[in-house]
Structures are given as structure tokens and as C-alpha cells.
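The following exercises ask you to trace strand pairing by working from individual bridges up to a whole sheet. Please keep the sequence and the structure open while you go through each solution.

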Amino acid sequence: MQNNNAKKMPKFYLVLIICWAVALVLLTAALLIIRSYLADYESVQPKYVAEEVFEKYFKNADFEAIIEHSNVNKSEFESDETLAAYLADLTDGKELSYHNISSGMDLTTSKYIVKYTEDEKDIKIASFTLAETGEKSEKGFAKYALDEFELFYPAEKSVSIKVTKGAVPYVNGIALDESYIAKDDIEHESCAHMPEGVSGIKYTLYTLDGLVADPIVSAKDGAGNDLFLNFSTEENCYITDIVYDEALAAEQSEHVIAAAQMFATYMQNDCTIGKLTPYFEKGTELYNSIRSTLQWAVIDHDSYHFEDVEASEFYRYDENTFSCRVKFTHVLKRSRLQDYRDTMDAIFYLRNVDGKYLVYDRTNN
């Protein structure tokens, strides 16, 4: 039997409950939608891309890849491989870190600095920039990707090369042009001994800065022949060896040695000035100096001979003028006394006078 006395829920409360239920469902749906949007927004934040970039390139010290994606203002005389090796060595054992330096003004990019700490100082090694790719996430948020790197490194090495005028210096196989000339027409000591109208040996000094590694240097003469280079600690630069004339040496060695030995013989009062005239040019300052030399102070001796005779470094300045180096030991024999040994090492300068080469100047070497 139905109980007609049971109380029924008032319609007001029923509607209220239904409204609350609907509101709760809508709120839950809204929260899920917002959560989905927030998750999507968070997933495309540049900080996650930055972490990936840092891990991939800097943690792994992949500097070759960094350079490939970089706006690097490196020297044209050094390769990417050289720079990558230098950066790897520079950061070896260092703990790298990064942080965002974006100003917030440009929302389409995000920039980060990579650094390490040394002697309590932060040393910047690079930066990288992320930029919007133009792609959108599922909810329409902009995606970011690596845009470019920028490298900061001390390129403090330099090299100077002094070449004979007209020769071309090379650094790591690349020729230096005139823009790298630091000084031109540098005179060799031979210039002080040239007759009027004849030019002595001159050099051009080239300097290149901004290198990260010690370079390989070389040089070629005007004909493209390789020149030898030696490093001068005194001048702190590489200097090309002078190319000497072997054909001239074969032709004139005997004559020059005879001139040098006759000079030494005269200076020890073992011959007259007339013996020098086939070898020394009359009227020159050198000839007059030799002629006026007092010979009373020579070493007493009974006979003499020459040892270790050598003529070398023949260099032709023009068709009528050349120089060479002569070395020997002048041995003076003395009865009941030890031999007196006088060493000569001199540069002789000769020029063609009426078809014969005569010495017009000399310097001690």
C-alpha cells in the first residue's frame, strides 16, 4: 500500500543540486582545458630547448658543430678544425654553465650566455639564441629552436715574417697580401756598401694578429720557388734566408780567395801594395785605407800558410756587382815559438772594372 504521506524534495533544492552538479562538471571540464593549455604552453618554453642545446653542444664539447652554426669572426688564415681544437682545449676541465640574458623586450627570441669560472671570475665562452620557428603547438603556442651561436675567445697569437723584397709570405698555406705589410724597404747591411745606382738587399716585414694557434709559415720568391725561413729571437720574427748564387761561387771563388789572402799577406808585411792592385780597386776608401796601414806592428814570423779556406755566400746585386764571404786561418810560423793563428771572416764587395772584378769594400763578419 503506497504511503501518500512520504515527503517530496522541494523543487527548489532539486534544481539547486542539479545546478551545482552541472557547475561542477563545467568547472572540471574548464580545469582540464586550462590544464591542457598550461601543459602545452609549458612544453614549448625556450628553457627546455636551451637545456637540450647546452647538453648537446657544450656538455659534449662539439665545437665543430657550434662553429658550423656560428657567426664566427675568425681569422681567414685558420681552419674551423683549428679553432674547434683550440676551444676544446680552452674549456677542457672547466665546468660550463649557462643562463638566460634575454631582456624580455623581444618575445620572439631568447638568448643565453655560456661561461665558466676561473680565478673567481666568470669567463664568457659563447652565447646561443633561440628563435620562434613559425610552427605552433597543438594549442597554438609558438615553438622555439636554435637560431645561432656566437663565440667569445681570446685570439692573442700573432706572427711576423720578414721576407726579401718581392717574396711572398704564407701563413697556413695562405698568402699575405700588401694589407699585412708592417714595414717596407728594410735595408740589409749590404745597402751601406753599394755603389751609386745599385740596390742592396731589402726586406718587407709582414705581421698577422688574431690567431688562436701557432701557425705554419712559409715563403716563396717572385718565381714561386720555396724560401727557407729561420726564427730570429732577437727580432721576434721569421726571416727568409738569402738565396746565394752557386754559379757565381763556382766562377769567382778562386779569384776572391786570392784577393783575401793577398790582403792578409800584405797586412802581415809579406808583400808590397803592388800585389794588391790586381784584386783591389784603386782610389776607393778601402784601397787608400789599406795603403796607409802601418805594418811595423805585425807579428814576427818566418813563413806562413792558410788553413780552412772557404768562400761562400755569393750574392749578385746586378750584372756588375756582387759580394761574398771569405773565411780562413792565417798561420804564421815562428822558430822555437808556437804558431800564431789569425782568423779572417769577412764580407768582400766586388764590382766589374774594365772586365775584371775588383774589391771596392769589405766588412768583418
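Two strands are taken to pair if DSSP finds at least two bridges between them. The model is a predicted one.

**Exercise 1.** Determine in which sense strands S2 and S3 pair, and what lies between them.

Solution. Begin with the ranges: strand S2 covers residues 109-118 and strand S3 covers residues 121-136, and ten bridges join them in the antiparallel sense. Next, locate one bridge, in which Ile 113 has Ser 127 of S3 as its partner. Finally, inspect the connection, where S2 and S3 form a hairpin with two residues between them, and where Asp 119 in the turn has a positive phi of about 50°.

**Exercise 2.** Follow S3 to strand S4 and state which residue of S4 stands opposite Ser 127.

Solution. Strand S4 spans residues 142-151 and runs antiparallel to S3, with eight bridges between the two. Within this pairing, Ser 127 stands opposite Glu 150 in S4, while in the pairing with S2 the bridge partner of Ser 127 is Ile 113.

**Exercise 3.** Establish the strand order of the open sheet that contains S5, and identify its edge strands.

Solution. Start from S5 (residues 157-164), which pairs with S9 (residues 202-211) in the antiparallel sense over seven bridges; here Val 159 stands opposite Leu 208 in S9. Extending the pairing outwards gives five strands in the order S8-S9-S5-S13-S12, an open sheet whose pairing is mixed. The edge strands, each pairing on one side only, are S8 (181-187) and S12 (229-232). From one strand to the next, the twist averages 25°.

Technical notes: Residues numbered from 1 in each chain as written. Predicted model: local features only at pLDDT ≥ 70, side-chain atom pairs only at ≥ 80, totals over all residues. Heavy atoms only, no water. Helix = DSSP H or I, 4+ residues; strand = E, 2+ residues; numbered from the N terminus. Axes fitted to C-alpha atoms, helices over the stretch in contact; angles between N-to-C directions.
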